[in-house]
Amino acid sequence: MTEEFISAQDRIISASIEIISDSGLGSLSFRNISLKTNIGEAMLYKYYLDTDEILVEIVKTFFRFDKGVFKTINSKDIPYIEKVELYIDAFCSYYNSYYSLSSIVLQYEELLHNTNTRELIERGYIGRREFLSLLFENAKHNSEINTGLTASQLADNLIGYINICTLNRRVMLHKKSLKDDVMSYFKTWIKSINAI
């Protein structure tokens, strides 16, 4: 019944993300999308010329909320470390509510080799990294954290941990939500950095 209220394009993108999540990028085909959506293969061509166009839409969906999240976080008059926590909360909540979408994190390398998605992945990834680096730089400047690590290194550490937690959730059964897992690590990590 809810399918009646979802556009065909949204159904195609959602099904495609689920296919990638379940079976990897190599399994994305019009045949598999058709089976998942009950939209005939010929009809799929009405919306997308090929799977590369679908991949572009998937990557756009993956980074869709970044600007809004960054703007919201920047508008808060709170310490920068708390802004990092808001970042964790926003993105981990997004991935928790749309589990299949988190698989895109694990497809970065493959998507960077696709000429249609390379620039989008690059821009989105660098945008997230620069945003976190700026938060950490300001946190260091305000003496909220004290470490010899650069702001970029701190951002890389956090991004790396989010990626590891994402992979762990896909490989192993975890009782904690992604947000709880990353936030627990983050708080322990920041304390250990300041203790040195």
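1. S16 counts as buried, at 0% relative accessibility; buried means under 20% relative accessible area, exposed over 50%, and partly exposed in between, with a 1.4 Å probe and protein chains only. S16 is found in helix 1, which covers residues 8-23. Helices here are DSSP runs of H or I with at least four residues, numbered from the N terminus. Leaving aside neighbours within four places in sequence, S16 is in contact with L28, I33, I54 and I58, where contact means heavy atoms within 4.5 Å.

2. The basis of these values should be stated. This is a predicted model, in which local features need pLDDT of at least 70 and side-chain atom pairs count only at pLDDT 80 or more, while totals for chains, interfaces and linings use all residues. Residues are numbered from 1 along each chain as its sequence is written, and side-chain values use heavy atoms, with hydrogens and water left out.

3. I54, a contact of S16, also appears in the description of the nonpolar core. The largest nonpolar core has 58 residues, and those with the most contacts inside it are I54, L132, F136, L158 and F186. Such a core is a set of buried Ala, Val, Leu, Ile, Met, Phe, Trp, Tyr and Cys residues joined through side-chain atoms within 4.5 Å. Helix 6 supplies the largest share of this core, 8 residues. Apart from neighbours within four places in sequence, L132 is in contact with V84, Y87, A155, L158 and I159.

4. The whole structure contains 15 aromatic pairs. Rings of Phe, Tyr and Trp (its six-membered ring) pair if their centres lie within 6.5 Å; planes under 30 degrees apart count as stacked, over 60 as edge-to-face and the rest as tilted. F30 and Y45 form a tilted pair, 4.4 Å centre to centre with 40° between the planes. Because F30 lies in helix 2 (residues 30-37) and Y45 in helix 3 (residues 41-47), this pair ties together parts that are 15 residues apart in sequence. F30 counts as buried at 7% relative accessibility, whereas Y45 counts as partly exposed at 47%.

5. Ring pairs also link F62, F63, F65, Y94, Y95, Y108 and Y125 into a cluster.

6. K76 is found in the loop between helix 5 (66-75) and helix 6 (80-97). K76 is partly exposed, with a relative accessible area of 39%. Outside its neighbours within four places in sequence, K76 is in contact with K83 and L86. K76 and S100 are 24 residues apart in sequence and 30 Å apart in space, C-alpha to C-alpha.

Definitions and conventions: Helix = DSSP H or I, 4+ residues; strand = E, 2+ residues; numbered from the N terminus.
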